[in-house]
Amino acid sequence: MKVSISRDPESLGKKAAAVGAQYIREAIRDRGEANIVLACAPSQNRTYDALVSEPGIDWGKVNAFHLDEYVGLPADHPASFRMNLHKTMLDRLPVPVRKFHPIEGDATDVCRVIEELDRIIKQCVIDVAFVGIGENGHVAFNDPPADFETDKAYLVASLDGACRKQQCGEGWFPSMDAVPKTAITMSCREIMRARVIVNSVPDLRKAQAVALALEGPVTNRVPASIMQRHKNYFVFLDEKASSRLKGEYV
């Protein structure tokens, strides 16, 4: 685990993007393509701001997988992760990615969507996963207690009250009642299959979750803690998000 602490979210984003871009370029150089996983959340926006401007990436050789999406939410809903990934990342690239694999959370047959995504992603080497940490310690929509054992790449997850409160608090929904109660999410083990994990976490409201995820025991009660076990795990924090850490980091 490599932890970097920046003074502000903008500096955090630039550092995270630089590391992610390095491994994307290496994958294209070595295999002729790169496969990445993209989270959608305000915590990732500064990273994507910097990533779209990183030089020397042939985005036409990059395949992008979607990390998670609400069940039942149409793609044109203001809170749709599909729509917001296009706004914050995909539509800002100098050239389009080769292929974007969205999660169709509003499909009539959610099981078929999951089976097809499983089939596609398990044929790939995932080079870089860009992820965050939720206020309840989740990674993607794997809320506690998360399933650390499933071999499925994607699954339907129930969203707990803390998770739904966060989504409402970030302004995506007018009330708690409007927040969906389930989502399709990439599983913890599938995230861990990535060759590199780039974890961007700004904001004081994430400080307790960050401390538990990075310095506490690995437990499905803090799903993001599983990333401690990854050999190429890069964590980028601002000073506020790092404020409850006890260790010495730079």
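Me: Hi! How many cavities of 30 Å³ or more does the structure hold?
Reply: It holds one cavity of that kind, with a volume of about 220 Å³. On a 1 Å grid over the protein atoms alone, a cavity is a set of points where a 1.4 Å probe fits but cannot get out, and lining residues have an atom within 4 Å of a point. Volume is the space filled by probe spheres set on the points, which are joined across faces, edges and corners. This is a predicted model, where local features need pLDDT of at least 70 and side-chain atom pairs pLDDT 80 or more, while totals for chains, interfaces and linings use all residues. Residues are numbered from 1 along each chain as its sequence is written, and side-chain values use heavy atoms, without hydrogens or water.

Me: Which lining residues are closest to the centre of the largest cavity?
Reply: Of the 20 residues in the lining, the closest to the centre are Cys 40, Ala 41, His 138, Ala 140 and Gln 166.

Me: And what does the lining of the largest cavity have by class?
Reply: There are 10 nonpolar, seven polar and three charged residues around the largest cavity. Nonpolar covers Ala, Val, Leu, Ile, Met, Phe, Trp, Tyr, Cys and Pro, charged covers Asp, Glu, Lys and Arg, and the others, Gly among them, count as polar.

Me: Where is Ala 140 found?
Reply: Look in the loop between strand 6 and strand 7. Strands (E, at least two residues) and helices (H or I, at least four) are DSSP runs numbered from the N terminus. Ala 140 has a positive phi, near 55°, in a residue other than glycine.

Me: Why does Ala 140 count as buried?
Reply: Because its relative accessibility is 7%, and buried means under 20% relative accessible area (exposed is over 50%, partly exposed in between, with a 1.4 Å probe and protein chains only).

Me: What about Asp 203, is it buried or partly exposed?
Reply: Asp 203 is partly exposed, at 30% relative accessible area. Asp 203 sits in the loop between strand 9 and helix 7, and has a positive phi of about 100° although it is not a glycine.

Me: Back to that other loop. What kind of peptide bond joins Pro 144 and Pro 145?
Reply: A cis one, with omega at about -5°. Pro 145 is also in the loop between strand 6 and strand 7.

Me: New topic: pockets! How much space lies in the largest pocket?
Reply: About 190 Å³. Unlike a cavity, a pocket is an open set of points, with protein on both sides within 12 Å along at least five of seven lines. Among the lining residues are Lys 99, His 101, Arg 112 and Ile 120.

Me: Which element gives the most to the lining of the largest pocket?
Reply: Helix 4 does, with five residues. Strand 5 and helix 4 each supply at least two residues.

Me: Ok, strand 9. How many of its residues are buried?
Reply: Six of its six. Val 196, Val 198 and Ser 200 cover one side, with Ile 197, Asn 199 and Val 201 on the other.

Me: Which strands are joined to strand 9 by bridges?
Reply: Strand 6 runs parallel to strand 9, with four bridges between them; Ala 129 has Ile 197 as its bridge partner. Strand 10 is also parallel to strand 9, over five bridges, and there Val 198 stands opposite Phe 234. Two strands pair if DSSP finds at least two bridges between them.

Me: What about strand 3, which residues point each way?
Reply: Val 62, Ala 64 and His 66 point one way, Asn 63 and Phe 65 the other, and all are buried. Strand 3 pairs with strand 2 in the parallel sense over five bridges, with Ile 36 and Ala 64 as bridge partners.

Me: What is the relative accessible area of His 66?
Reply: It is 0%, so His 66 is buried. A polar side-chain atom of His 66 lies 2.7 Å from the backbone oxygen of Asp 68.

Me: Last one: how far does helix 1 reach?
Reply: Its 23 residues reach 32 Å from first C-alpha to last, close to the 33 Å expected, which is 1.5 Å times one less than the number of residues. Just after helix 1, Gly 32 takes a positive phi of about 85°.

Methods: Polar contact = N/O pair within 3.5 Å; in protein donor to acceptor, adjacent residues only side chain to side chain.
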